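Subject: A structure for you to explore

Hi there,

Here is the structure I promised to pass on. Have a look at it first, and then read my notes below.

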Amino acid sequence: MSACASQRFRPVSDTPVRIGKPYTVRGVTYTPAPDPAFDVLGYASWYGSESGNQVALGERFRPKWVTAAHPTLPLPSYVEVTSLETGRTIVVRVNDRGPFSRGRVIDLSRGAAEQLGVRRTGVVPVRVRLANPPEKDRERLRRGKKLRERPTVSENALANLRAQLAAGVRQGLVQAP
């Protein structure tokens, strides 16, 4: 029991930004790198049972916070996640590595999944784009608070994104879960 009490967590901070060395999980090598044009379509899942564990950035995982895991983006990063089912969009702080499951581009915390309206769904089609929120929004996310509701994506834009995702799956560019 004394080992549990001695674990030290890094304070929640946006500095320094960590890139990290290439690493391999289940035979797949991931190479973390900055990507200023990051904008992908794929599938998101959510996680929450790891409460209290340490995330890749060294912080304590808090399932109710609006955070996410990504295999290669710098830590921390901020991304905009849009559900292609509901059109809802949120901004999350990426502070962990993952997902390492077939067809997933991002793992959301339970708090992020709830804010996006996809907690009841195990896997959801999404668009994930690098974001540069203002400092006051970054500060809210660093304190575990969600941001104000963002405008919903139009049905025409959603139809276009869904078609692009389906084409990517058909062409083998996007793995379906």
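What pattern does the protein follow when you read along the sequence? The order is α-β-β-β-β-β-β-β-α-β-α-α, which fits the count of four helices and eight strands. Please keep in mind that this is a predicted model, and that the values in this email are computed from it.

Let me begin with the overall form. The C-alpha atoms fill a box of roughly 55 × 40 × 30 Å along the principal axes. A compact globule with 177 residues would have a radius of gyration near 16 Å, and the protein agrees with this because its own value is 16 Å. Of the 177 residues, 45% count as buried. About 9,600 Å² of the protein is exposed, and carbon and sulfur atoms supply 50% of that area. Now take the contacts with a separation of 6 or more: 77% of them come from residues 24 or more positions apart.

Next, the strands. Strand S8 (residues 123-130) pairs with strand S3 (residues 39-47) in the antiparallel sense, over seven bridges. If you would like to find one of these on screen, go to Ala 44, whose bridge partner in S8 is Val 124. S8 also pairs with strand S5 (residues 77-83), again in the antiparallel sense, over five bridges. Here you can look for Val 79, which has Leu 130 in S8 as its bridge partner.

The side chains have something to show as well. A pair of aromatic rings is described by the distance of the centres and the angle of the planes. The count in this protein comes to four aromatic pairs. One of them is stacked: the rings of Tyr 23 and Tyr 30 have centres 5.4 Å apart and planes at 25°, so they fall under the 30 degrees that stacking requires. Tyr 23 also forms an edge-to-face pair with Phe 100, with 6.1 Å from centre to centre and 85° between the planes. That pair links distant parts of the chain, since Tyr 23 lies in strand S1 (residues 23-25) and Phe 100 in the loop between strand S6 (89-96) and strand S7 (104-109), 77 residues apart. Together, Tyr 23, Tyr 30 and Phe 100 form one aromatic cluster.

Are Tyr 30 and Phe 100 buried or exposed? Tyr 30 counts as buried, at 15% relative accessibility, whereas Phe 100, at 25%, counts as partly exposed.

One last thing to look up: the charged end of Arg 62 sits over the ring of Trp 65, 4.5 Å from its centre.

Enjoy exploring!

Best wishes

How values were computed: Residues numbered from 1 in each chain as written. Predicted model: local features only at pLDDT ≥ 70, side-chain atom pairs only at ≥ 80, totals over all residues. Heavy atoms only, no water. Pairing = 2+ DSSP bridges. Helix = DSSP H or I, 4+ residues; strand = E, 2+ residues; numbered from the N terminus. Phe/Tyr/Trp six-rings, centres within 6.5 Å; stacked < 30°, edge-to-face > 60°. Buried < 20%, exposed > 50% of the residue type's maximum accessible area, 1.4 Å probe, protein only. Lys NZ or Arg CZ within 6 Å of the ring centre and 35° of its normal. Rg over C-alpha atoms; globule rule 2.2 N^0.38 Å. Contact = heavy atoms within 4.5 Å. Areas by Shrake-Rupley, 256 points an atom, 1.4 Å probe, with all protein chains shown as cover.
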